[in-house]
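Hi,

Here is the structure I said I'd pass along. Have a look at it first, and my notes follow underneath.

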Amino acid sequence: LLGASRLGLFELPPLNALTALANAAMEIALADGSVKPWAATFYANRIWLDLIGQFYEAGGPANFVDALCAEPARFAQCTKAAAE
């Protein structure tokens with residue numbers, strides 16, 4: 001995958017940043033009780049896959065994470081991810 005990305009065949013999403021955002025969303029959901037501990041990993045994986053889908057739907061822009069974090073609904077998630 002990395003080789004194909006370097007050849008310009010496709011754009012890899014910022015996987016580390018998206019993982020941090022998904023983990024932050026999971027921790028917030030656990031803290032407010034909207035997700036049960038036994039479902040937390042599934043919840044985080046679903047968010048992570050959704051973020052990757054959003055990345056490709058947006059055309060793979062370089063500023064994807066910045067644009068995502070500019071959304072008011074994602075502020076807490078992005079702040080928590082940045083702090084970790």
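Salt bridges first: this is a predicted model, and it holds 2 of them. In one, the side chain of Lys-80 meets that of Glu-27, at 3.2 Å from N to O. That pair ties together distant parts of the chain, since Lys-80 sits in helix H5 and Glu-27 in helix H2, 53 residues apart. How exposed are the two partners? Lys-80 is partly exposed, at 30% relative accessibility, and Glu-27 is partly exposed too, with a relative accessible area of 29%.

The other bridge joins the side chains of Glu-71 and Arg-74, at 3.8 Å from N to O. Here Glu-71 counts as partly exposed, at 36%. Arg-74, on the other hand, is buried: its relative accessible area is 16%, and the cut-off for buried is under 20%.

Now to H5 itself. Its buried residues are Gln-77, Cys-78 and Ala-81. Looking down the axis of H5, you'll find them within an arc of 95°, so they line one face of the helix. That fits the usual helix geometry: with 3.6 residues a turn, residues three or four places apart point the same way. On the other side of H5, Phe-75 and Ala-83 are exposed. And what covers the buried face? The cover over the buried residues of H5 includes H2, H3 and H4.

Those helices turn up again in the largest nonpolar core, which has 13 residues. The ones that touch the most other members are Leu-18, Leu-21, Ile-47, Leu-51, Phe-64, Leu-68 and Ala-81. Two or more core residues come from each of helix H2 (15-32), helix H3 (40-57), helix H4 (64-69) and helix H5 (75-83). H2 gives the most, with 5 residues. As a general point, nonpolar side chains in soluble globular proteins tend to be buried together.

If you want one residue to click on, try Leu-18. Setting aside neighbours within four places in sequence, Leu-18 is in contact with Pro-13, Trp-48, Leu-51, Ile-52, Phe-64 and Val-65. Apart from the largest core there is another one, of 6 residues, including Met-26, Ala-29, Ala-39 and Ala-40.

Ala-81 is worth a second look when you open the file: it is one of the buried residues of H5 and is also listed with the core residues that touch the most other members.

Cheers

How values were computed:
Residues are numbered from 1 along each chain as its sequence is written. This is a predicted model: local features need pLDDT of at least 70, side-chain atom pairs count only at pLDDT 80 or more; totals for chains, interfaces and linings use all residues. Side-chain values use heavy atoms; hydrogens and water are left out. A nonpolar core is a set of buried Ala, Val, Leu, Ile, Met, Phe, Trp, Tyr and Cys residues joined through side-chain atoms within 4.5 Å. Buried means under 20% relative accessible area, exposed over 50%, partly exposed in between (1.4 Å probe, protein chains only). Helices (H or I, at least four residues) and strands (E, at least two) are DSSP runs, numbered from the N terminus. Contact means heavy atoms within 4.5 Å. The arc is that of the directions from the helix axis to the C-beta atoms. A salt bridge is a side-chain nitrogen of Lys or Arg within 4 Å of a carboxyl oxygen of Asp or Glu.
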